[in-house]
Amino acid sequence: MTKPSLPDLLHAAVSAVGGTERPGQVAMAEAVAEAIDDNSHRLIQAGTGTGKSLGYLVPALAHGERVVVATATLALQRQLVERDLPRTVDALHPQLRRRPQFAMLKGRSNYLCLHRLHEGAPQDEEDGLFDQFEAAAPTSKLGQDLLRLRDWADETETGDRDDLTPGVSDKAWSQISVSSRECLGATKCAYGAECFAEAARERAKLADVVVTNHALLAIDAIEGAPVLPQHEVLIVDEAHELVSRVTGVATGELTPGQVNRAVKRSAKLVDEKIADALQTASETFERVMELALPGRLEQIPEDLGYALMSLRDAARNVISAIGATRDKSVHDEDAVRKQALAAVESIHTVAERITNGSEYDVVWYERHDRFGATLRVAPLSVSGLLREKLFEDRSVVLTSATLKLGGDFNGVAASLGLSPEGVEGDDVPLWKGLDVGSPFDYPKQGILYVAKHLATPGREGTRGDMMDELAELIEAAGGRTLGLFSSMRGAKAAAEELRGRLDNPILLQGEETLGELIKNFAADPKTCLFGTLSLWQGVDVPGPSCQLVVMDRIPFPRPDDPLMSARQKSVEEHGGNGFMAVAATHAALLMAQGAGRLVRASGDRGVVAVLDPRLATARYGSFLRATLPDFWYTTDRNQVRRSLAAIDATAKADGK
């Protein structure tokens, strides 16, 4: 039997999901198939509306070997597993003569733990050991959540937190879930045979396509213990997010509260002398942290160094002692022991890492008004880790709507540990870049307006001229505005000011769940939605409800961000341009994502307005503009008001 052709398979899949075949999608599918056949690597930029999910799923399913698809957002994971994969498998089945299996796999703490549910969570000492369902007042929000979780446990087939609607608070979920370190293991657990997390792993082992997230991919790479099943092809969607997700997984932290909990959990399991040593080390650490000032620690201060060594040594002794003792008087001893061990091991790992003082780590203090001080340690770069762990023994395809920054792929490639395109050498993974474009006609559908006449934004203080400009733009657009702010303080200030000046309803991130805010924004064209980082990437509102996207300023990292400034300094010490490599690249990525909120469908029209004159006047402005969609560009404030009014009038005439 002849092998079905890729164009035929793609046509069948696109028809099944009710889509339209796009030239970019065909080019992408061919590039993915070529990478899989050659066992090579691709970076593929596919603009909004390309249909990139099918662009990689069809060649992956046709290939027949196991494929892992890693995405950054929950929304895309669900779309793949609930919509795209079932329809695509059904459509391809007649031609492939087989029905590929697919499964979703997440970290263990995303699944309900039956042991925790039935035996109760081991509690901290002052609370005693109790059944959390009895202890939480049934009338409290926590009590209601826990009762609902107990009912849900009897009916759920997956135990996956994301299948529970409406959701529950993190506090409630933590009562019935465990981390991989706290898990007893299927062979030791009375509920191992029914375990939801184990069942998800077993399904993944049998699947042709495993859908997971960037965090689990990072854990699989960093921790050395394979979490994902063996696979020949890795597809990373939303790949612009990968570096920050891997950095997050590779970041360690210590807080006095966390150390204190570890002391309490382990105290009953070891002899008094060993427990006292950890208690003393904990108190010393807490005293040091009370005086901690936010900022990077290029050298570890003597008092902190002493406190960390004491913590490290005391934690090591507790770990050894916990392993050697048994106490049948402790209720559910194995679970109590495992939780205590996980808490103390976490402290030992971070204290030892900071004490060892690698030149490749950045250490800093953070202060939070409510939670006090935190000590953090993160890798200066994850590029070496990604080069070594990501690109070995498999073909890797990385795709996103924003991978070309400043006009080429090399900036993103460098952050992934790759050399410039076409450069060969020992231990250098070869890759090719492909931009398949977008089906949208950006110059006709959108305008990029830079408010060149405004004052350059300063570090602090209100921007009166910016507020006036924003109010005038919203009035011209008749509402329909997504306001993207570089800080929550800026978003709040703008919402407060404009609620007093305009008749338009203004929704503010944080005042309601994100899903609810986006739903309300989409439902009423007069409404505006203001917010910060997650809105820059997470809003998909096609149509007339979003015809003006405003960025208050270029979203450079904060100058006092310890990790970003350390990375910038490192680039400069190696002869590079730290500002362009780190700050400008970070800003370009966010701006491209933010501008991508405007045109989500072929009928969309509107304006992206940047209220920061530096985009027009600074030397780096052209680099940032080259990263944005190819909108018609203007700095004429009167022209843009006329355009917005015309777009608003058209939408109203259409009854929208």
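How much space lies in the largest cavity? The largest cavity holds about 240 Å³ of space. The legends below cover this cavity and other parts of a predicted model.

**Figure 1. The whole chain, a predicted model with 27 helices and 18 strands.** The radius of gyration is 27 Å, close to the 26 Å that the globule rule gives for 656 residues, so the chain is as compact as a globular protein of that length. Along the principal axes, the C-alpha atoms fill a box of roughly 75 × 70 × 60 Å. Of the 656 residues, 52% count as buried.

**Figure 2. The largest cavity and its lining of 24 residues.** Rolling a probe the size of a water molecule over the atoms shows where empty space is left. The count of cavities of 30 Å³ or more comes to two, and the largest has about 240 Å³ of space. Nearest its centre lie Cys113, His115, Val178, Cys183 and Cys189. Three helices, H5 (114-119), H9 (196-206) and H15 (333-356), each supply at least two residues of the lining. By class, the lining of the largest cavity divides into 15 nonpolar, five polar and four charged residues.

**Figure 3. Cysteines at and around the largest cavity, in a structure with zero disulfides.** A disulfide is a covalent bond between the sulfur atoms of two cysteines. Cys113, Cys183 and Cys189 are among the residues that lie nearest the centre of the largest cavity. Why is the sulfur of Cys113 not bonded to the closest cysteine sulfur? That closest sulfur, in Cys189, is 6.0 Å away, too far for a bond; the cut-off for a disulfide is 2.5 Å. Cys113 is buried, with a relative accessible area of 15%. For Cys195, the closest cysteine sulfur belongs to Cys183, and the separation of 6.2 Å is again too far for a bond. Cys195 has a relative accessible area of 19%, which counts as buried because the limit is under 20%.

**Figure 4. The second largest cavity, with a volume of about 50 Å³.** Its lining consists of Leu217, Ala218, Ala221, Ile222, Leu242, Val246, Leu385, Leu386 and Leu390. Helices H10 (214-222), H11 (242-249) and H16 (383-390) each supply at least two of these residues. H10 gives the most, with four residues. The lining divides into nine nonpolar, no polar and no charged residues.

**Figure 5. The second largest pocket, with about 370 Å³ of space.** Of the 13 residues that line this pocket, Asp220, Gln230, Lys389, Glu392 and Arg394 are the closest to its centre. H10 and H16 each supply at least two residues of the lining; these helices also contribute to the lining of the second largest cavity. The pocket lining has four nonpolar, three polar and six charged residues.

**Figure 6. Asp393, in the loop between H16 and strand S10 (395-400).** Although Asp393 is not a glycine, its phi is positive, at about 65 degrees. Is Asp393 buried or exposed? Asp393 is exposed, with a relative accessible area of 74%.

**Figure 7. Arg97, in the loop between helix H4 (74-96) and strand S3 (102-104).** Arg97 is not a glycine, yet its phi is positive, about 60 degrees. Arg97 is exposed, and its relative accessible area is 64%.

**Figure 8. The cis peptide bond from Thr165 to Pro166.** The omega of this bond is near -10 degrees. Pro166 lies in the loop that runs between helix H7 (141-155) and helix H8 (170-174).

**Figure 9. Asn410 in helix H17 (residues 410-415).** Asn410 counts as partly exposed, at 30% relative accessibility. Pro420 is ten residues from Asn410 along the chain, and the C-alpha atoms of the two are separated by 5.4 Å.

**Figure 10. Helix H19, residues 464-477.** From its first C-alpha to its last, this helix of 14 residues reaches 20 Å, close to the 20 Å expected at 1.5 Å a residue. An α-helix has 3.6 residues a turn, so residues three or four places apart point the same way. Which residues in H19 are buried? They are Met466, Met467, Glu469, Leu470, Ala471, Leu473, Ile474, Ala476 and Ala477. After H19 comes Gly478, with a positive phi near 70 degrees.

Technical notes: Residues numbered from 1 in each chain as written. Predicted model: local features only at pLDDT ≥ 70, side-chain atom pairs only at ≥ 80, totals over all residues. Heavy atoms only, no water. 1 Å grid on protein atoms, 1.4 Å probe; cavity = no way out; pocket = protein on both sides within 12 Å on 5 of 7 lines; lining within 4 Å. Points joined across faces, edges and corners; volume = space filled by probe spheres on them. Nonpolar A, V, L, I, M, F, W, Y, C, P; charged D, E, K, R; others polar. Buried < 20%, exposed > 50% of the residue type's maximum accessible area, 1.4 Å probe, protein only. Expected span 1.5 Å × (residues − 1). Rg over C-alpha atoms; globule rule 2.2 N^0.38 Å.
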